[in-house]
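Welcome! If you are new to this kind of picture, a good way in is to ask why things are called what they are called.

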Amino acid sequence: MRISRRVLAVAAACVVALPLSACGSGSDDTGSADASGKVEGEITFQTWNLRANFKPYFEGVIADFEKEYPGTDVKWIDQPAEGYADKISADAAGGTLPDVVNVSPDLVAPLAKAGLALDLDKAAGKYEKEYLEGAWASHQVPGMTGTYAFPWYLNTGPLFYNKTLFRQAGLDPEQPPKTYDELFADALELARKSDGKVATLANVPTVEDFGRYGVPLMNDDGTAFAFNDSKGVELLTKYKELYDAKALDPQALTATPESSGKKFLTGAVAMNPGSALDLGNFKKQAPNLYKNIGITDQITSTGHVNMYVMGVMVNAQSKRKPAAVAFAHYVTDAEHQMSFAQQVAIFPSTAGSLDDPYFTKEDGTDETRVRIAAAKSLKNAVNYTPVLFSEQMKTALRNEVAKALQGKESPKEALDNAVKKCDTLLRQQG
C-alpha cells in the first residue's frame, strides 16, 4: 500500500542525535523565553516534505500572515522526507536552525534538551487552551518542564480487514475482533482454516503496540523504560504463538508499512492498520478488496487509540521571536488547521475543530465514515511512542522482538535485553 503522503499518516519516523554543544550559536538571548515585542522582521519557516503537494496552500498562509502583520517577511524552506532528521541535526550544530520548524515529538526532544526549542508554556502559554489537551502535551519532554512545539496536524486510523477472508474461515465478517483476546483467537482460526496461507497481521509489535496493550512504557520521571513487565511479556508471548501458527506473516520481522500494505492488498494478510488516505488506494488498486473491505476501530486495552502528531517549533535562539511565535501560532490556529484538513486526510489539533460537521456528518461514503470515526477517537487519543524513544531504540526493540519470535530468546529475556539497550541509549542522550 503506497501512501504518497506517508509523513502525514505516520508522523515521526526518525530522530535527531544532537550534541548539547549545539546550543552555542552566539545569540545574545540564548534560552530566553521572552517573545514579547513587535511582530516584525524576516523569519524562516521549514516544513517536512510538503511543498510538492501543498505549495499554493502554504504560499497563501504566508501571504495572509504578512498582510496581517506589515513589516514581516516569511521565507519558506521545504526539506525532503529522507534525511530530515540529519538536516535538523546539522543545522542545530551549525547554528543555522530556521526560526520556525516543522517537527515531530521525537525530533523536538533533543532540541529541547540542547536549549534550542522555545518553551511555549512560558512564551505562548496563553494559547494552550486553543488546542486539545493530549495534543499540547505531546511535545513535552520527560524530565523537563515546558512544552516545546505548537501541536499541528494529527492522524490516526482504523483497522481495515478483508471480509472475504473472514467469511472463508467461518468467521462472521460483520463481527470483527474488538479486544486483543478476540484478535488473537480469530488470527489463529484464520491461519488454521487456511493451512497457514493467510496471516492476520503483518507487523511485529512496536512500542506503541505495547502502549495500546496497557504496558507501562517508562517510569514516571522518564529516566528508564519499563515495557518488560509482566504485561509486556504477555503480549510478546501472544505474538510468538501467532508467529508459530503462521497467523503472523513470516516476513513480519523485516516488514515496512508499505510491504505490509501490499500483503493486505493481495489478500495474503487479513487485517492492516491504515487511514482514510488508504481507501482511495484500495478503490484504484484492488477493487475487489475495496468491495469487501471491513472497517473497525483500533484495538486497545486502555480505551485510548494511538495518535500521530506533528508540531511547529520555535527556535529558542531566533532573533525575531515575536514574529516566529506569532507565525507558528498562525499556522496552527483553528482556522488554518481546518482549511488544511479539508485538503488532505489529516485532523486538526485545535479544541472544538473535531466537532465541525466535516468530522461529524455522515454522507454514506466509506471515506467519510473513516474520517468521522477517526475524529471521534482523536478527542482522547494518546501519542504512545515516548518522545525519548529514538530510532536506535526502535531498532533495538525490533531486533529483540525478532529473537523472541524466532525462539532464540524467551519473551522475557528479549524484553529485558531491549530495555537494557534502550536505557543505555537514553543515558547517552544526555
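Here are some questions and answers about this predicted model.

Q: Why is the contact of K193 with E189 called a salt bridge?
A: The term needs a side-chain nitrogen of Lys or Arg within 4 Å of a carboxyl oxygen of Asp or Glu. The closest N and O atoms of K193 and E189 are 3.3 Å apart, so the pair qualifies.

Q: Where do K193 and E189 lie?
A: Both belong to helix 8 (residues 180–193) and are four residues apart, about one turn of the helix. An α-helix has 3.6 residues a turn, so residues three or four places apart point the same way.

Q: What makes K193 count as partly exposed?
A: Partly exposed covers the range between under 20%, which is buried, and over 50%, which is exposed. K193 has a relative accessibility of 44%, so partly exposed is the right word for K193. E189, at 21%, also counts as partly exposed.

Q: How do you know that E234 and K231 form a salt bridge?
A: Their side chains meet at 3.9 Å, N to O, and the cut-off is 4 Å, so the pair is counted. E234 and K231 are three residues apart in helix 10, which means about one helical turn separates them.

Q: Are E234 and K231 buried or partly exposed, and what makes them so?
A: E234 has a relative accessible area of 37%, so E234 is partly exposed. K231, with 31%, is partly exposed as well.

Q: What makes D416 and K412 a salt bridge?
A: Their closest N and O atoms are 3.3 Å apart, which is within 4 Å, so the name fits. In helix 18, D416 and K412 are four residues apart, or about one helical turn. D416 is partly exposed at 29%, and K412 is partly exposed at 39%.

Q: How many salt bridges does this rule give?
A: The count comes to 19. D106, E391 and K394 are linked in a network of them.

Q: How do you know what span to expect of helix 17?
A: The expected span is 1.5 Å times one less than the number of residues. Helix 17 (residues 391–405) has 15 residues, so 21 Å is expected. Its reach from first C-alpha to last is 21 Å, close to that value.

Q: Which residues of helix 17 are buried, and what covers them?
A: The buried ones are M393, A396, L397, E400, V401, A402, A404 and L405. Their cover includes helix 9 (207–212), helix 10 (230–244) and helix 18 (411–428).

Notes
Residues are numbered from 1 along each chain as its sequence is written. This is a predicted model: local features need pLDDT of at least 70, side-chain atom pairs count only at pLDDT 80 or more; totals for chains, interfaces and linings use all residues. Side-chain values use heavy atoms; hydrogens and water are left out. Helices (H or I, at least four residues) and strands (E, at least two) are DSSP runs, numbered from the N terminus. Buried means under 20% relative accessible area, exposed over 50%, partly exposed in between (1.4 Å probe, protein chains only). Contact means heavy atoms within 4.5 Å.
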